[in-house]
Amino acid sequence: MTMTAMNDFNDPLLGSHSKGYPRTQPPRRCSAIGAAGWNVLAGDLPLPLALLKREALEHNLAWMQARVRAWGIDLAPHGKTSMSPQLFRRQLDAGAWGLTFATVTQLAVGVAAGARRTLIANQVLSDEDLAGIQTLLRAHAGLRIAFLVDSLAQLALIEDWAQRHAGSLPFETLLEIGVEGARTGCRTHAQALALATRLRASAAVRLVGIEAYEGLGATGASAPDAAYARALMDRVHAVACDCAARGLFETDEVLLSAGGSAIFDLVAERLKPALGVPVRGLLRSGCYVTHDHGVYRRMLGAVEERLGCGCDTSLRPALEVWATVQSCPEPGLAILAVGKRDISFDLALPVPILHAARGARAAQAAPADWKISALNDQHAYLRWDATPDAPQAPAVGDRVGLGISHPCTTFDKWHWMPVVESDYRVSDAVSMHF
C-alpha cells in the first residue's frame, strides 16, 4: 500500500455519500471533523446517527487495560467489534499487546492501522487466505500473525499449500480447545495432543500456543458461569502442560489466549499457568471498548459482583444511536426514523435512554416505560403506557437516543461515527472498514 493510499485508509475523506454526514457540508478528512464545530443536538448532522461518547470511550480503554495489568496478562482485543483504524490506534496506544481478528481481510485492516502483533481467532485454510498472510508477513517487517488450528484435515490443507509454494514462511498456530456442541476446537484431550504432535512435526507450521473461547456458555449467573469456565480452562491447562512437557511448542514464549466480553474475568486469572516455559496470557475481549446498554450491561453486573467494583468504576456504555420521531399515529405509539439498517437487533432490541425535544440543546432521561417493541428496515416502534397519568409522550420532531445491545452489529452498519463530548459537541470521528 502506498503512503497516499495508507493516509486515505487511516484518515479517509468523509462526505455526504456517507450516512450521517451533513449534506450541506463539504467533504472533510476524518481527522478534521472535530474542528467543524458541529453539535448533534443542534441539528448539525442528519439523523439517524450512531455516535461515540468520548469520556466513556476513554474510561473503558483505561479500565480494561488496568484490569489486565492487575491480572498479570495482556490484552489483544478483538478488532471485529469496530473495524475502526482510529479505535485500533487508541487501543494500542492505551497499552494493548496486539489485536485479534476473525478473517484475513479484517487482519489486513488492522495491519494497515499499525498492528504488528496479531491473532486470527479462527481457522485459516484456503489458498487465498494462506497466501494473503504470507504477503502481509513479507510486506511488513516485524509483523506477527498466529491463527487457530483444530484438525488434521486443516493441517493437511496448510501443508499442501506450503508444498506448492516453496520458500514460504512457517505459519504460527494456536491449538484450539473447543466445547462439545459449540463451535470450533478440539473436543478431547487425546485429539488435541495428537494434533499438537503433528503440528510439531510439520515444516509448514509452528505451534506457539493454546486458545479457547468461553463466551458461548455465558449465562450471566456466576455459579454456572464459573463452573463452565473452570472446566474449560482445566482442559486448556492440561493440554498446555502436556504440550510443554513433550516439547511440542516451537516458541520462546507460549501464548495462552481466551476471553470474550461477557465472563472475561473468569478466564483472565487462568491465563498464566506454570508450564516451565515463559507464558503470555492474552485476553481477547473486544466489546469493552464501547460496552452497551443491553446484553453486556447485564453480564457486567455479575462481573462487577465478582470483582467487587461498582458500576461507577467499571465499563460504561459509549455507543448511542439517535433518531427522529417521525410519526405518532396512535396513542401509545411513536415511529422513529431508525431501523435494522442502522442499529443492533441480533441479541436484543434497542433501549430508549434519552429524549430531546425538537430544538432542545440538552437531553433528558427517557421515561422508564418507553420500550422499542419492533424494528423494520427503516422504522422503530416506540411504545409506552398511554394512560392519563403516563409520562409525557414524544412529539413529532423530537429526538430519541437509543442504547444498543451488542456493539459489533451496530458498528458494521456505519462507515463513520462522530465522537462527542457530554454536551453532544462533535470533537472527533472514527471510520469503519467492514
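**View 1. A cis proline between two strands.** Strands here are DSSP runs of E, at least two residues long, and helices are DSSP runs of H or I of at least four residues, both numbered from the N terminus. With that in hand, start at P48, which is found in the loop between β2 (28–29) and β3 (49–53). The peptide bond leading from L47 into P48 is cis, and its omega is near 5 degrees. Most peptide bonds are trans, and most residues other than glycine have a negative phi. Please keep in mind, here and in the views that follow, that this is a predicted model.

**View 2. The open sheet and its parallel strands.** Eight strands make up this open sheet, in the order β4-β11-β10-β9-β8-β7-β6-β5, and their pairing is parallel. At its edges are β4 (74–75) and β5 (99–101), each of which pairs on one side only. For a look inside the sheet, follow β8 (residues 171–177) alongside β9 (residues 205–212): the two are joined in the parallel sense over 7 bridges. One pair to pick out is E172 with R206, its bridge partner in β9. Strands of a sheet pair through backbone hydrogen bonds, in either a parallel or an antiparallel way.

**View 3. An antiparallel hairpin.** Here β16 (residues 371–375) and β17 (residues 380–383) run antiparallel and are joined by 4 bridges. The two strands form a hairpin, with 4 residues between them. To find your place in the pairing, look for K371, whose bridge partner in β17 is R383.

**View 4. The nonpolar core around I133.** The largest nonpolar core of the model holds 114 residues. Those with the most contacts inside this core are I133, F147, L175, I210, L283, L336 and M417. A handy place to begin is I133, which touches V104, I120, V124, I145, F147 and F171, leaving aside residues up to four places away in sequence. A second, separate core has 19 residues, among them L354, A356, V420 and A429.

**View 5. Two mostly buried helices and the glycines that follow them.** Helix α3 (residues 85–94) is largely enclosed by the rest of the structure, because 7 of its 10 residues are buried. The buried ones are P85, Q86, L87, F88, R90, Q91 and L92. G95 comes after α3 and has a positive phi, near 125 degrees. Helix α4 (residues 104–112) is mostly covered as well, with 7 of its 9 residues buried. Those seven are V104, Q106, L107, V109, G110, V111 and A112. After α4 comes G114, again with a positive phi, near 115 degrees.

**View 6. A closer look at G114.** This glycine is found in the loop between α4 and β6 (117–123). Its relative accessible area is 27%, so G114 counts as partly exposed, a class that runs from 20% to 50%. G114 touches R89 and L92, not counting residues up to four places away in sequence. N10 is 104 residues away from G114 along the chain, and the two C-alpha atoms are 9.5 Å apart in space.

**View 7. Helices α6 and α7 side by side.** The axes of α6 (residues 152–164) and α7 (residues 189–201) come within 10 Å and cross at roughly 15 degrees. The two helices are therefore roughly parallel to each other, as angles under 35 degrees count as such. The crossing of α6 past α7 is right-handed. L152, L155 and E159 of α6 make the contact with L195, R198 and L199 of α7. An α-helix has 3.6 residues a turn, so residues three or four places apart point the same way.

**View 8. N60 and its surroundings.** N60 lies in helix α2 (residues 54–71). With a relative accessible area of 0%, N60 is buried. Leaving out residues up to four places away in sequence, N60 touches Y288, V289, T290, H291, L315, R316 and A318.

**View 9. Positive phi at H291 and M83.** H291, one of the residues that N60 touches, is found in the loop between β11 (279–283) and α10 (295–307). Its phi is near 55 degrees, a positive value in a residue other than glycine. H291 counts as buried, at 3% relative accessibility. M83 lies in the loop between β4 and α3. Although M83 is not a glycine, its phi is positive, at about 50 degrees. M83 is buried too, with a relative accessible area of 1%.

How values were computed:
Residues numbered from 1 in each chain as written. Predicted model: local features only at pLDDT ≥ 70, side-chain atom pairs only at ≥ 80, totals over all residues. Heavy atoms only, no water. Core = buried A, V, L, I, M, F, W, Y, C linked by side-chain atoms within 4.5 Å. Buried < 20%, exposed > 50% of the residue type's maximum accessible area, 1.4 Å probe, protein only. Contact = heavy atoms within 4.5 Å. Pairing = 2+ DSSP bridges. Axes fitted to C-alpha atoms, helices over the stretch in contact; angles between N-to-C directions. Parallel < 35°, antiparallel > 145°, perpendicular 65-115°, else oblique. Left-handed = near helix turned anticlockwise from the far one by under 90°.
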